[in-house]
Amino acid sequence: MRLSGRGLKCVRGGREVFAGLDFEAASGEAVAVVGHNGAGKTSLLRLVAGLLTLAGGSIELSGGEDDLPVAEQAHYLGHRDALKPSLSVAENLSFWRDFLGGEATDPAISLEAVGLSHTAHLPAAYLSAGQRRRLSIARLLAVRRPIWLLDEPTSALDAAGQQMFAGLMTDHLDRDGLIIAATHTPLGIAARELQIGGGA
Amino acid sequence: MSALGSIIRRDVRIALRVGGGALIGVLFFLTVVVLMPFAVGPDLKLLARIGPAVLWLGALLASLLTLDRLFMADAEDGSLDLIVMSRTPLELACAAKALAHWLAAGLPLIVATPVLGLLLNLDGTASLAVMLTLLAGTPALTFTGMIGAALAVTLHRGGLLMAVLVLPLSIPVLIFGVAASQAAISGPVPFGTPFSILCALSLASMVIGPFAAAASLRHGQD
């Protein structure tokens, strides 16, 4: 599988964020998108996820499954955790597993992998910022999607959590996954750098 | 199908839990209807005559009360992004969300109607008629209101705007809802005539609502 963008242009609120951006990623490869604040890292991920409309250029995916669009083959881990405070940890995760559909894993196993098994019955309102992030990461494991679009994935994670997540990303790449991550801190895995907005 | 079932289950569950919207609507309905006899005075005949209209107005406002949060809550916590990206068509997801809202916020209003009918001096037949018209008409309120709720996501803090957008759309539902109730209680128009139009309004809005809301959500992504 190969995901590529050619001459991408992004305009938000009448202001050009970036133009003429090229990127390329293949199965088993991670791309770290770097750049200063406001350079358009999040915008790039949202363009790829289909959440923003392209002002120019094209995004192509070859060798994916069943001709599904990129958005439907991708997990998007954004700044916001997509958790409902009144639902328990397990309920939040099961909902996303059932709703997103596709090849699914037992939620209990995903929770175990991110170290949240002991909080399964706790309402998500009582989780700390780091635990909320871990629960969002569990969503990536609960349903298999070949493309992971990660926006500052390690923010709020402690050192052990970052190490755990690096392990999960490595596993994903080993299973022919593809990762595009916007980040300021090192991801802890081998990744090609994509610089946006000139030198930071 | 399981995706739609899961979104309905989730939304109903959230609405029924502490801080959810299901009880707020019923409480508001109760307040409006309970206050009415105090405002109008102890004229039982007058109360019975305006009863169906009061119940319909109360139900209309109560169902709008929690509707503006239909997409806003999901937009704020990022769930909406994932719903837009998912393999479920957005139109169906919107329809499922509206159905969940109706189950959690609309159905309790209908259940509460006979009790509140007592306060307005409505007899059994009259209460039953209002219940039946609410059952047929409230889906129209939810599904047209959903369009406003989707627009409100695009325009931040659009809660008041939503009421302005949605209320004109709900006027036909109100007219035929009350007309059908009155027809059942006192005639002279046969009950079937306004009631069929009410059902038609509901069915039409069930088709148009999800498409309009989905289009608005897609367009508003920024």
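Guide: Welcome! Let us start with one definition: a residue is buried if 20 or more other C-beta atoms lie within 10 Å of its own, exposed if 12 or fewer, and partly exposed in between. Please keep in mind that the model above is predicted.

Visitor: Thanks! Is A82(A) buried or exposed?

Guide: A82(A) sits in the loop that links β5 and α2 of chain A. Its phi is near 55°, a positive value in a residue other than glycine. Around A82(A) there are 22 other C-beta atoms within 10 Å. The cut-off is 20 or more, so A82(A) is buried.

Visitor: D176(A) has a positive phi too, so how does D176(A) count by its C-beta neighbours inside 10 Å?

Guide: D176(A) is not a glycine, yet its phi is about 65°. You will find D176(A) in the loop between α5 (159-174) and β7 (178-182) of chain A. It has 13 C-beta neighbours inside 10 Å. Exposed would need 12 or fewer and buried 20 or more, so D176(A) counts as partly exposed.

Visitor: Let us turn to the sheets. Which strands stand at the edges of the three-stranded sheet of chain A?

Guide: This open sheet has the order β2-β1-β4, with antiparallel pairing. An edge strand has a single partner strand, so one side of it is left without a neighbour in the sheet. Those two strands are β2 (15-26) and β4 (56-62) of chain A.

Visitor: In β4(A), which residue is the bridge partner of K9(A)?

Guide: Strand β1 (residues 2-12) of chain A pairs with β4(A) in the antiparallel sense, over six bridges. Follow K9(A) across to β4(A) and you reach its bridge partner, G56(A).

Visitor: At about what angle does helix α1 of chain A run to β1(A)?

Guide: Helix α1 covers residues 41-48 of chain A and lies across β1, β2 and β4. Neighbouring strands of this sheet are turned against each other by 15° on average, direction ignored. The helix α1 of chain A, in turn, runs to β1(A) at about 120°.

Visitor: There is also an open sheet of five strands. Which are its edge strands?

Guide: The order in this sheet is β5-β6-β7-β3-β8 of chain A, and the pairing is parallel. The twist averages 15° from one strand to the next. Each edge strand pairs on one side only, and the two are β5 and β8 (192-195) of chain A.

Visitor: Which residue in β6(A) stands opposite H75(A)?

Guide: β5(A) and strand β6 (residues 147-151) of chain A pair in the parallel sense over four bridges. Opposite H75(A), in β6(A), stands W148(A).

Visitor: Which helix packs on the sheet, touching β3, β6 and β7 of chain A?

Guide: Its direction makes about 145° with that of β7(A). The strand β3 that it touches spans 29-34. The helix is α5(A).

Visitor: Now for the two chains. Which element gives the most to the side of chain A that touches chain B?

Guide: In total, 22 residues of chain A are in contact with 23 residues of chain B. Two elements of chain A give two or more residues to this side, β5 (74-77) and α2 (89-100). By class, this side has 12 nonpolar, four polar and six charged residues. With four residues, the element that gives the most is α2(A).

Visitor: How does α2(A) run relative to α1(B)?

Guide: The axes of α2(A) and helix α1 (residues 2-16) of chain B come within 7 Å and cross at roughly 150°. Here F95(A), D98(A) and F99(A) meet residues of α1(B), including I7(B) and R10(B). Angles over 145 degrees count as roughly antiparallel, so α2(A) and α1(B) are roughly antiparallel.

Visitor: A15(B) is in helix α1 of chain B as well. Is A15(B) buried or exposed?

Guide: Beyond its neighbours within four places in sequence, A15(B) is in contact with G20(B), G21(B), A22(B), A104(B) and A105(B). Within 10 Å, A15(B) has 23 other C-beta atoms. The cut-off is 20 or more, so A15(B) is buried.

Visitor: Last one! What is the handedness of the crossing of α6(B) and α9(B)?

Guide: The axes of α6 (residues 90-119) and α9 (residues 192-220) of chain B come within 8 Å and cross at roughly 115°. By class, their contact has nine nonpolar, one polar and two charged residues. The crossing is right-handed.

Methods:
Residues are numbered from 1 along each chain as its sequence is written. Chains are lettered from A and ligands numbered from 1 in the order in which they are written. This is a predicted model: local features need pLDDT of at least 70, side-chain atom pairs count only at pLDDT 80 or more; totals for chains, interfaces and linings use all residues. Two residues are in contact if their C-beta atoms, placed from the backbone, lie within 7 Å. Ala, Val, Leu, Ile, Met, Phe, Trp, Tyr, Cys and Pro count as nonpolar, Asp, Glu, Lys and Arg as charged, and the others, Gly among them, as polar. Axes are lines fitted to C-alpha atoms, for helices over the stretch in contact, and angles run from 0 to 180 degrees between N-to-C directions. Angles under 35 degrees count as roughly parallel, over 145 as roughly antiparallel, 65 to 115 as roughly perpendicular and the rest as oblique. Two strands pair if DSSP finds at least two bridges between them. A crossing is left-handed if the near helix is turned anticlockwise from the far one by less than a right angle, and right-handed if clockwise.
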